[in-house]
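Open the model in your viewer and keep the selection panel at hand. The stops below say what to pick and what to look for.

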Amino acid sequence: MIVVSAPSGAGKTTIVKHLLKSFPQLGFSVSATSRTIRDCELNGREYYFLSSDDFRLLIDQGKLLEWQEVYAGSYYGTPVSEVERIASNGQFPVFDVDVVGGLNIKKMFGDKALAIFIKPPSYEILELRLRSRATDSEESLQKRLDKVKWELTFEKDFDCVIVNDKLEDAFNQAEKLVTDFLDLKP
Ligand code: ADP
Ligand code: 5GP
């Protein structure tokens, strides 16, 4: 399995989407979340969007492989059923999860998982990218920015790091890492 983690705005989603387009052997693990849906998102595609109560029910029923309250009041978790669904399609799962969730998955699966950390070229560039993405309110943006420095300290615990400066280079590095790890042909 492939785990991709990074602070918000570092480019995880962009790189994961590219990998999914390049490798039909990969399947995206759709997480559950209690955060509000964005205009460009579809329930069941980016996430399963749930109320906080329904999210807690999943926790209580043991239906999540891992979960985190990534930002105060916003829960995110990996449904066990996603891993089963992807495996039953004969695919390898790709997880786009926060740094703590990513390291938890790595601990669970050891050598069967490749944990990739996406690093922004600088804090300032990350902030610019997040602002130009224009998907978050100022309050949500601040919650994300407040965590960046702490999240960057986890870089050393990952199997590999991609600095997402020039997108084309980051895509190429990600493709090579996945090709080597899973022994695939793009
Ligand atoms: P994340 O999923 O980590 O929060 P995104 O993939 O949504 O990050 O990227 C944040 C924003 O930065 C998006 O608008 C994306 O198009 C843009 N972006 C990502 N990588 C690059 C890059 N290398 N150069 C310029 N813009 C980028
Ligand atoms: P966003 O709200 O920008 O989509 O995601 C915020 C953060 O939550 C990102 O770091 C994203 O990777 C993380 N995230 C998404 N799904 C999961 C999940 O299932 N588990 C964990 N631990 N984090 C997740």
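Which residues have the most contacts inside the largest nonpolar core? Select Ile 2, Ile 15, Leu 19, Leu 26, Ile 116, Ile 118 and Val 178. The core they belong to has 26 residues. Keep in mind throughout that this is a predicted model.

**Stop 1: the core by element**

Now colour the elements that give two or more residues to this core. They are strand 1 (2-5), helix 1 (12-22), strand 8 (114-119), helix 5 (123-133), helix 6 (138-152), strand 9 (160-163) and helix 7 (167-182). Helix 7 gives the most, with 5 residues. Apart from this core lies another, of 13 residues. Val 83, Phe 95, Val 97 and Phe 154 are among them. As a rule, nonpolar side chains in soluble globular proteins tend to be buried together.

Go back to Ile 2 and show what is around the residue. Leaving out residues up to four places away in sequence, Ile 2 touches Leu 26, Pro 93, Val 94, Phe 95, Leu 114, Ile 116, Val 178, Phe 181 and Leu 182.

**Stop 2: ligand 1**

Select ligand 1 and the 13 residues around it. Gly 9, Thr 13, Thr 14, Arg 133 and Asn 164 come nearest. Then pick out polar contacts to the backbone:

- Gly 9 has a backbone N or O atom 2.7 Å from an oxygen atom of ligand 1.
- Lys 12 has a polar backbone atom 2.9 Å from an oxygen atom of the ligand.
- Asp 165 has a polar backbone atom 2.9 Å from a nitrogen atom of the ligand.

Taken alone, ligand 1 exposes 560 Å², and the protein buries 75% of that.

**Stop 3: ligand 2**

Move to ligand 2, which 18 residues surround. The closest are Ser 31, Arg 35, Tyr 47, Tyr 76 and Asp 96. Here, look at side chains:

- Ser 31 places a side-chain N or O atom 2.6 Å from an oxygen atom of ligand 2.
- For Asp 96, a side-chain N or O atom is 2.7 Å from a ligand oxygen.
- For Arg 38, the distance from a side-chain N or O atom to a ligand oxygen is 3.1 Å.

On its own ligand 2 exposes 510 Å², of which the protein buries 96%.

**Stop 4: helix 3**

Which residues of helix 3 (80-88) are buried? Select Glu 82, Val 83 and Ile 86. Look down the helix axis: these buried residues fall within an arc of 100°, so they line one face of helix 3. They pack against strand 2 (26-28), strand 4 (47-49), strand 5 (64-71), strand 6 (74-79) and strand 7 (92-96). Step past the helix to Gly 90, where phi is positive, near 75°.

**Stop 5: Phe 55 and Gln 25**

Select Phe 55 in helix 2 (52-60). Is Phe 55 buried or exposed? With a relative accessible area of 0%, Phe 55 is buried. Beyond its neighbours within four places in sequence, its contacts are Ala 32, Thr 33, Ser 34, Leu 50, Leu 64, Trp 67, Tyr 75, Tyr 76 and Gly 77. Draw a line from its C-alpha atom to that of Thr 14: the separation is 26 Å.

Finish at Gln 25, in the loop between helix 1 and strand 2. Gln 25 has 23% relative accessibility, so the residue counts as partly exposed; the cut-off for buried is under 20%. From its C-alpha atom to that of Leu 145 is 34 Å, and 120 residues separate the two along the chain.

Methods. Residues are numbered from 1 along each chain as its sequence is written. Chains are lettered from A and ligands numbered from 1 in the order in which they are written. This is a predicted model: local features need pLDDT of at least 70, side-chain atom pairs count only at pLDDT 80 or more; totals for chains, interfaces and linings use all residues. Side-chain values use heavy atoms; hydrogens and water are left out. A nonpolar core is a set of buried Ala, Val, Leu, Ile, Met, Phe, Trp, Tyr and Cys residues joined through side-chain atoms within 4.5 Å. Buried means under 20% relative accessible area, exposed over 50%, partly exposed in between (1.4 Å probe, protein chains only). Helices (H or I, at least four residues) and strands (E, at least two) are DSSP runs, numbered from the N terminus. Contact means heavy atoms within 4.5 Å. A residue is near a molecule or strand if one of its heavy atoms lies within 4 Å of it. A polar contact is a pair of N or O atoms within 3.5 Å; within protein, one must be able to donate a hydrogen and the other to accept it, and residues adjacent in sequence count only if both atoms are side-chain atoms. Accessible areas come from the Shrake-Rupley method with a 1.4 Å probe; for residues, only the protein chains shown count as cover. The arc is that of the directions from the helix axis to the C-beta atoms.
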